[in-house]
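Open your viewer, load the model and keep the selection tool handy. We will go from one selection to the next, and at each stop I will say what is there.

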Amino acid sequence: MRMLLDTKKILLWAAADEFTPNAVRVDSIIGLASLYSGLLSAGYQELFITVRHTLLVSSLPPIHKGPFDRILLAQASSEGLPFLTSNNLLMQYPGSVIHVGT
């Protein structure tokens, strides 16, 4: 199933299922590189931000001020993907926003 994962907690939560706890530490460049490589090896894919995504941000209601969260919501909407997040505030947006407790 394709979905967009909120990068703050959800991506690390998903990675914890795939890797040992030490592998999901991202407090160093080596740790981040290891996590990135492991996620790609496990079948995760990157979704690059496009102009289409950035243009869609302006159509979102002003519920949340965080620009990065708003671009993720726009990406999910534009790509027709459910958006998994642990942020309760983002649940107020229309579309397929799924709350995951971590």
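Which residues of the largest nonpolar core touch the most other members? Select Leu-4, Leu-60, Leu-73, Phe-83, Leu-90, Tyr-93 and Val-97: these are the ones, in a core of 13 residues. A nonpolar core here is a set of buried Ala, Val, Leu, Ile, Met, Phe, Trp, Tyr and Cys residues joined through side-chain atoms within 4.5 Å. Buried means under 20% relative accessible area, exposed means over 50%, and partly exposed lies in between (1.4 Å probe, protein chains only). Helix 4 (residues 67-79) gives the most to this core, with 5 residues.

Two notes before we move on. This is a predicted model, in which local features need pLDDT of at least 70 and side-chain atom pairs count only at pLDDT 80 or more, while totals for chains, interfaces and linings use all residues. Residues are numbered from 1 along each chain as its sequence is written, and side-chain values use heavy atoms, with hydrogens and water left out.

**The whole chain**

Switch to a cartoon view. You should find 4 helices and 3 strands, following the pattern β-α-α-α-α-β-β along the sequence. Helices (H or I, at least four residues) and strands (E, at least two) are DSSP runs, numbered from the N terminus. Of the 102 residues, 32% count as buried. Now try a surface: its accessible area is about 6400 Å², with 62% belonging to carbon and sulfur atoms. That area comes from the Shrake-Rupley method with a 1.4 Å probe; for residues, only the protein chains shown count as cover.

**Helix 4**

Next, select residues 67-79, which make up helix 4. At 1.5 Å a residue, its 13 residues should span 18 Å, and the end C-alpha atoms are 18 Å apart, which agrees. The expected span is 1.5 Å times one less than the number of residues. Colour the buried residues of this helix: Asp-69, Arg-70, Ile-71, Leu-72, Leu-73, Ala-74, Gln-75 and Ala-76. What do they pack against? Show strand 1 (4-5), helix 3, strand 2 (83-85) and strand 3 (97-99) to see the partners.

Just after the helix, click on Gly-80, which takes a positive phi of about 70°. Gly-80 sits in the loop between helix 4 and strand 2 and is exposed, at 63% relative accessible area. Measure from Gly-80 to Arg-2 as well: they are 78 residues apart in sequence, yet their C-alpha atoms are 9.4 Å apart.

**The salt bridge**

Now show Glu-79 and Arg-52 as sticks. They form a salt bridge, with the closest N and O atoms 3.0 Å apart. The rule asks for a side-chain nitrogen of Lys or Arg within 4 Å of a carboxyl oxygen of Asp or Glu, and by this rule the count comes to 1. The pair links distant parts of the chain, Glu-79 in helix 4 and Arg-52 in helix 3 (residues 51-57), 27 residues apart. Glu-79 is partly exposed at 27% relative accessible area, and Arg-52 is partly exposed at 47%.

**The sheet**

Select the strands. All 3 form an open sheet in the order 1-2-3, with parallel pairing. Strand 1 and strand 3 stand at the edges with a single partner each, so one side of each has no neighbour in the sheet. Two strands pair if DSSP finds at least two bridges between them; strand 2 and strand 3 have 3.

Zoom in on Leu-84 in strand 2. Is Leu-84 buried or exposed? At 10% relative accessibility, Leu-84 is buried. Its bridge partner in strand 3 is Ile-98. Leaving out residues up to four places away in sequence, Leu-84 touches Met-3, Leu-4, Leu-5, Asp-6, Ile-10, Ile-98 and Val-100. Contact means heavy atoms within 4.5 Å.

**Leu-90 and Ile-63**

For the last stop, return to Leu-90 of the core. Beyond its neighbours within four places in sequence, Leu-90 is in contact with Asp-6, His-64, Asp-69, Leu-73, Phe-83, Thr-85 and Val-97. Then add Ile-63, whose C-alpha atom is 7.8 Å from that of Leu-90. Ile-63 lies in the loop between helix 3 and helix 4 and is partly exposed at 27% relative accessibility. With the same neighbours left aside, the contacts of Ile-63 are Arg-70, Leu-89, Gln-92 and Tyr-93.
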